[in-house]
Amino acid sequence: MGRSFFVVAVVGLLLTGRAWSQECSQTIEANDQIQYNKKEIKVAKSCKEFTLTLKHVGMLAANVMGHNWVLAKTSDYQALAQAGQGAGPPNYLPAGDAKVIASTNVIGGGQMTSVKVDMSKLMAGGDYTFFCSFPGHFVLMNGKFVIE
Ligand code: CU
């Protein structure tokens, strides 16, 4: 990519400002102790699109200690987590399930992945939960996704 693209990108970032970079794009970490580093993610309702980046800061491989980030309605998430166990590897989610609002792929230690969430699918004030669908992990790895 050329220099002009770079300049446009920098100007664009300056114009949209800190609010965009902090609120519409966030990172969550997952480790080898079956934990995320956040129990809540808050997103401004002005975000049209939200980008979630998942960083696995552990060492273990995806088949042993895989993590993903799945977004669902709170009322759906436990059933979805159970269905995910049955769905098996590599992504531990039932294919094409409408209960999945957004999901990353499953990654292992040292890896990183991201997903874009179309915020028009979500309601401000709605009750949403994010979780890891790797078998058994949702019990420890879950949190609230708050739109405000
Ligand atoms: Cu996990």
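User: What spacing do the donors of the copper ion follow along the chain?

Analyst: Happy to start there, keeping in mind that this is a predicted model. The copper ion is coordinated by His67 through ND1, Cys132 through SG and His137 through ND1, at 2.1 Å. Along the chain, these donors follow the spacing H-x64-C-x4-H.

User: Is Cys132 buried or exposed, and what is its relative accessibility?

Analyst: Cys132 gives its SG atom to the copper ion. A residue is called buried when its relative accessible area is under 20%. Cys132 counts as buried because its relative accessibility is 0%.

User: And what is the relative accessible area of His137?

Analyst: His137 is another of the copper donors, using ND1. His137 is buried too, as its relative accessible area is 4%.

User: How confident is the prediction, and which stretch has pLDDT below 50?

Analyst: The mean pLDDT of the protein is 90, and 85% of the residues reach 70 or more. One stretch has pLDDT below 50, and beyond near neighbours in sequence it has 3 contacts in the model. Where pLDDT is low, the predicted coordinates should not be read in detail. The stretch to treat that way is residues 17–21.

User: In what order do the elements of the protein run?

Analyst: The protein has 3 helices and 8 strands. Among contacts between residues at least 6 apart in sequence, 70% join residues at least 24 apart. From the N terminus on, the order of the elements is α-β-β-β-α-β-α-β-β-β-β.

User: Which residues of strand S7 are buried on each side?

Analyst: In a regular strand the side chains alternate between the two faces of the sheet. Strand S7 covers residues 128–131, and both of its faces are covered. The buried residues are Tyr128 and Phe130 on one side, with Thr129 and Phe131 on the other.

User: Which residue in S7 is the bridge partner of Val70?

Analyst: Strand S4, residues 70–73, runs antiparallel to S7, and 4 bridges join the two. Within that pairing, the partner of Val70 is Phe131.

User: On the S8 side, which residue is the bridge partner of Phe130?

Analyst: S7 is also joined by 4 bridges to strand S8, residues 142–147, and these two run antiparallel as well. In S8, the partner of Phe130 is Gly143.

User: How is the aromatic pair of Trp69 and Phe130 arranged, stacked or edge-to-face?

Analyst: There are 7 aromatic pairs by the rule used here. For Trp69 and Phe130, the centres are 5.9 Å apart and the planes are at 25°. The pair links distant parts of the chain, since Trp69 sits in the loop between helix H2 and S4 while Phe130 is in strand S7, 61 residues apart. Planes under 30 degrees apart count as stacked, and this pair is stacked.

User: Which residues do ring pairs link into a cluster with Trp69 and Phe130?

Analyst: Trp69 is buried, with a relative accessible area of 0%, and Phe130 counts as buried at 0% as well. Ring pairs link these two into a cluster with Tyr36, Phe50 and Phe145.

User: Which cysteines form the disulfide, and how far apart are their sulfur atoms?

Analyst: A search of the whole structure finds 1 disulfide. The link joins distant parts of the chain: one cysteine is in the loop between helix H1 and strand S1, the other in the loop between strands S2 and S3, 23 residues apart. Both are buried, and the link is left-handed, with -90° about the S-S bond. The pair is Cys24 and Cys47, with sulfur atoms 1.9 Å apart.

User: Where is Asn105, and which residues is it in contact with beyond its neighbours within four places in sequence?

Analyst: Asn105 is in the loop between strand S5 and strand S6. Asn105 is partly exposed, with a relative accessible area of 37%. Pro90 is 15 residues away in sequence and 8.0 Å away in space, C-alpha to C-alpha. Leaving aside those sequence neighbours, the contacts of Asn105 are His67, Asn68, Asn91 and Thr113.

Technical notes. Residues numbered from 1 in each chain as written. Predicted model: local features only at pLDDT ≥ 70, side-chain atom pairs only at ≥ 80, totals over all residues. Heavy atoms only, no water. Buried < 20%, exposed > 50% of the residue type's maximum accessible area, 1.4 Å probe, protein only. Pairing = 2+ DSSP bridges. Donors = N, O, S within 2.8 Å, 3.2 Å for Na, K, Ca; no water. Disulfide = S-S within 2.5 Å. Phe/Tyr/Trp six-rings, centres within 6.5 Å; stacked < 30°, edge-to-face > 60°. pLDDT = per-residue confidence, 0-100. Contact = heavy atoms within 4.5 Å.
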